[in-house]
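Hi,

Here is the structure I said I would pass on. Have a look at it first, and my notes follow underneath.

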Amino acid sequence: MTKANLKNLIFNKLIDLYIKKANPIGSRILKRKYFRNLAESTIRLYLNRLTEEEYLITVKKSVGRIPTDKGWKYYLEVNKDNVDWGKERGLPNYSDHKLFDYIADKFNLYYIIEKDSKLIEGGLEYTLRNLEFENKEIVLKFARFLREVKESFLNNLLLKDNEIKILIGEEIDLKNAEHFSVIACRKGLSKLIFINVKRMNYPLIYSIVRDIIKERL
């Protein structure tokens with residue numbers, strides 16, 4: 001395995017663990033879970049490089065690291081063509097509202113659908129299951145963020161037909177957006193937006209939204 005491939009593998013495994021645990025991830029747990037044949041110092045070396053490249057950031061009062069916005073985007077770009085939700089499961093044969101509620105429940109998402117001049121939204125109870133919302137300040141920011149999305153962002157979101165746009169953290173041009181992400185797509189006059197905290201499996205959600213565009217919108 002080349003050094004570049006090993007670095008990407010360590011990066012991907014760190015993200016996978018962070019998505020599951022919602023805690024900063026360090027070299028010790030990576031070695032124990034995935035890299036028993038690597039020295040912990042070698043894993044740390046690659047984590048340091050990923051931090052220097054601004055894909056990871058060291059959390060204060062912790063030896064672990066978490067992805068930056070740039071890191072999440074890199075995780076998406078490197079892996080989005082390697083996941084095929086449709087081959088594994090496919091979309092259930094539900095009505096639109098039930099389908100989006102099913103996806104929201106499975107992945108802790110909030111959703112907004114604009115279709116046939118109607119606006120449907122849901123999933124708040126699922127989204128609030130994310131561990132980030134144990135912090136009351138994050139809950140308040142999410143409430144403000146949702147209001148801004150519905151008041152202005154949805155109408156100003158420029159999407160091409162069949163386009164999927166994923167915006168993470170500070171690249172969302174709204175106040176209170178630094179903790180959240182938006183996955184949006186459009187087909188014809190219909191729009192679908194999923195909203196979540198930044199900690200999520202972007203390649204998998206991308207694959208699901210791609211199937212939704214093909215089959216349901």
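I started with the aromatics: searching the whole structure turns up 13 aromatic pairs. One of them is tyrosine 34 with phenylalanine 35, where the ring centres sit 6.3 Å apart and the planes meet at 70°, so this pair is edge-to-face. As for cover, phenylalanine 35 is buried, at 7% relative accessibility, while tyrosine 34 is partly exposed at 28%. Before you read too much into any of this, keep in mind that the model is a predicted one.

There is also an aromatic cluster to look at: Tyr110, Phe133, Phe142, Phe145 and Phe180 are linked by ring pairs. Threonine 127 makes a handy way in, since its contacts beyond four places in sequence include Tyr110, Phe133 and Phe142. Asn108, Leu109, Ile195 and Asn196 are also touched by threonine 127. You will find threonine 127 in helix α7, which covers residues 124-127. Its relative accessibility is 0%, so threonine 127 counts as buried.

Now for the backbone. Which sign does phi have at glutamate 54? Glutamate 54 has a positive value, near 70°, and this is a residue other than glycine. Glutamate 54 belongs to the loop that runs between α3 (40-52) and β1 (56-58), and with 51% relative accessibility it counts as exposed. Asparagine 162 is another non-glycine with a positive phi, about 70°. The loop in this case is the one between α8 (136-156) and β5 (164-168). Asparagine 162 is partly exposed, with a relative accessible area of 43%.

Stepping back to the whole chain, the secondary structure amounts to 9 helices and 7 strands. The radius of gyration is 18 Å, close to the 17 Å that the globule rule gives for 217 residues, so the chain is as compact as a globular protein of that length. Along the principal axes, the C-alpha trace spans about 60 × 40 × 25 Å.

On packing, 49% of the 217 residues are buried. Among contacts with a separation of 6 or more, 57% are between residues 24 or more positions apart.

Finally, the surface and the charges. The protein chain exposes about 11700 Å², and 47% of that comes from carbon and sulfur atoms. There are 41 positive and 30 negative side chains, with the centres of the two sets 6 Å apart.

Cheers

Note on methods. Residues numbered from 1 in each chain as written. Predicted model: local features only at pLDDT ≥ 70, side-chain atom pairs only at ≥ 80, totals over all residues. Heavy atoms only, no water. Helix = DSSP H or I, 4+ residues; strand = E, 2+ residues; numbered from the N terminus. Rg over C-alpha atoms; globule rule 2.2 N^0.38 Å. Buried < 20%, exposed > 50% of the residue type's maximum accessible area, 1.4 Å probe, protein only. Contact = heavy atoms within 4.5 Å. Areas by Shrake-Rupley, 256 points an atom, 1.4 Å probe, with all protein chains shown as cover. Lys, Arg positive; Asp, Glu negative; His and termini not counted. Charge placed at Lys NZ, Arg CZ, Asp CG, Glu CD. Phe/Tyr/Trp six-rings, centres within 6.5 Å; stacked < 30°, edge-to-face > 60°.
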